[in-house]
Amino acid sequence: MKSAVLFSGGKDSAMALYKALKNGDEVAYLLSIISENDESYMFHVPNIHMTDLIAEAIEIPIIKGHSKGEKEKELDDLENQLLILKKNGVEAIYNGALFSQYQKTRIDEICEKIGLKSIAPLWHPPNVEEYMNEIINLGFEIIITGVFAEGLDESWLGRKIDKVAIEELKAINKKYGVNISFEGGEAETLAINGPIFKKRVKIIKAENHWNFDNGIFNITEAILEDK
């Protein structure tokens, strides 16, 4: 089946792509939506500019749409891009939704409206700790690029998610209720290497932008290197 993946560069969209490829789909395109609104309800924002380089590392073409990020209206921007994919022969759209009913429902509705199959291979993982460990065990290298919840301080920005980090996140979850998979918007992530990568993303320059109790790890320069 000829498919495309809604791709932010984060851990869940990378895993959705991994699942699509494991399913034997022909993943013809990645689709990223660039939102002007930092608080978009639908689209990942921190370091979305990195998706071009990640697509190059994975060796799958990327299509990039733009949106002002206005609630509900941004769905029209997504629909327009999905129509382009359909015209290019795409039959199914994968997304990395875990628990967000808001996002999944709207993607499902758009796909049904225009005649595409909507697939959320990660939907409702039975155990989020096991899911996070699966990401690590598969060989994905994931860094944290934004934190927006109590219990996550500036020291997490740019940090790699490994076994030690997961244990710390479990402790933070007990104290503050932070979802360790970040599906509640507690943090944002970026995949820089993994089993679907032909090359690894090497970060050359990045800056922490911290604002009292939240912040982002903004990557300003990166290159691809051989694995």
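**Note on two sheets and the helices packed on them**

1. Five strands of this structure, which is a predicted model, form an open sheet with parallel pairing, and their order is β3-β2-β1-β4-β5. The edges are taken by β3 (62–67) and β5 (117–119), each of which has a single partner strand, so one side of each is left without a neighbour in the sheet. From one strand to the next the twist of this sheet averages 25 degrees.

2. Within the parallel sheet, strand β1 (residues 2–6) and strand β2 (residues 26–35) run parallel and are joined by five bridges. V5 stands opposite L30 in β2, which gives a convenient place to begin when inspecting this pair in the model. As general background, strands of a sheet pair through backbone hydrogen bonds, either parallel or antiparallel.

3. Two helices can be described by how they lie across the parallel sheet. Helix α2 (residues 51–58) lies across β2 and β3, and its direction is at about 165 degrees to β3. Helix α4 (residues 101–114) lies across β1, β4 (92–94) and β5, running at about 160 degrees to β5.

4. A second open sheet consists of four strands in the order β7-β6-β9-β8, and here the pairing is antiparallel. The edge positions belong to β7 and β8, each with a single partner strand, so one side of each is left without a neighbour in the sheet. The twist in this sheet averages 25 degrees from one strand to the next.

5. The pairings of β6 can be followed residue by residue. Strand β6 (residues 141–147) is joined to β7 by six bridges, the two strands running antiparallel, and the bridge partner of I142 in β7 is A191. β6 and β9 also pair in the antiparallel sense, over two bridges, and G146 stands opposite I216 in β9. On this antiparallel sheet packs α2, which touches β7, β8 and β9 and whose direction makes about 35 degrees with that of β9.

6. Where does α2 pack, and is it buried or exposed? Six of its eight residues are buried, so α2 is largely enclosed by the rest of the structure; the buried residues are T51, L53, I54, A55, A57 and I58. These buried residues pack against α1 (11–22), β2, β3, β7, β8 (199–211) and β9 (214–226), a list that includes strands of the parallel sheet, β2 and β3, as well as strands of the antiparallel sheet, β7, β8 and β9.

7. Strand β7 (residues 187–193) should be read with its edge position in mind. It has a single partner strand in its sheet, yet six of its seven residues are buried, so β7 is largely enclosed by the rest of the structure. Among the elements in contact with β7 are the buried residues of α2.

8. Two residues beside α2 deserve a check of their backbone angles. N47, found in the loop between β2 and α2, has a phi near 60 degrees, a positive value in a residue other than glycine; N47 is buried, with a relative accessible area of 4%. E59 follows α2 and has its place in the loop between α2 and β3. Its phi is near 70 degrees, again positive in a residue other than glycine, but E59 counts as exposed, at 58% relative accessibility.

9. How do helix α5 and helix α6 cross? The axes of α5 (residues 128–137) and α6 (residues 163–176) come within 10 Å and cross at roughly 165 degrees, which makes α5 roughly antiparallel to α6, and the crossing in which α5 passes α6 is right-handed. On the α5 side the contact involves E129, M132, N133, I136 and N137, which meet K163, I166, E167 and K170 in α6. By character, the residues of this contact divide into three nonpolar, two polar and four charged. In general, an α-helix has 3.6 residues a turn, so residues three or four places apart point the same way.

10. A last point concerns E109, which is found in helix α4 and is partly exposed, with a relative accessible area of 49%. E109 and E79 are 30 residues apart in sequence, while their C-alpha atoms are 9.9 Å apart in space.

How values were computed: Residues are numbered from 1 along each chain as its sequence is written. This is a predicted model: local features need pLDDT of at least 70, side-chain atom pairs count only at pLDDT 80 or more; totals for chains, interfaces and linings use all residues. Side-chain values use heavy atoms; hydrogens and water are left out. Axes are lines fitted to C-alpha atoms, for helices over the stretch in contact, and angles run from 0 to 180 degrees between N-to-C directions. Angles under 35 degrees count as roughly parallel, over 145 as roughly antiparallel, 65 to 115 as roughly perpendicular and the rest as oblique. A crossing is left-handed if the near helix is turned anticlockwise from the far one by less than a right angle, and right-handed if clockwise. Contact means heavy atoms within 4.5 Å. Ala, Val, Leu, Ile, Met, Phe, Trp, Tyr, Cys and Pro count as nonpolar, Asp, Glu, Lys and Arg as charged, and the others, Gly among them, as polar. Two strands pair if DSSP finds at least two bridges between them. Buried means under 20% relative accessible area, exposed over 50%, partly exposed in between (1.4 Å probe, protein chains only).
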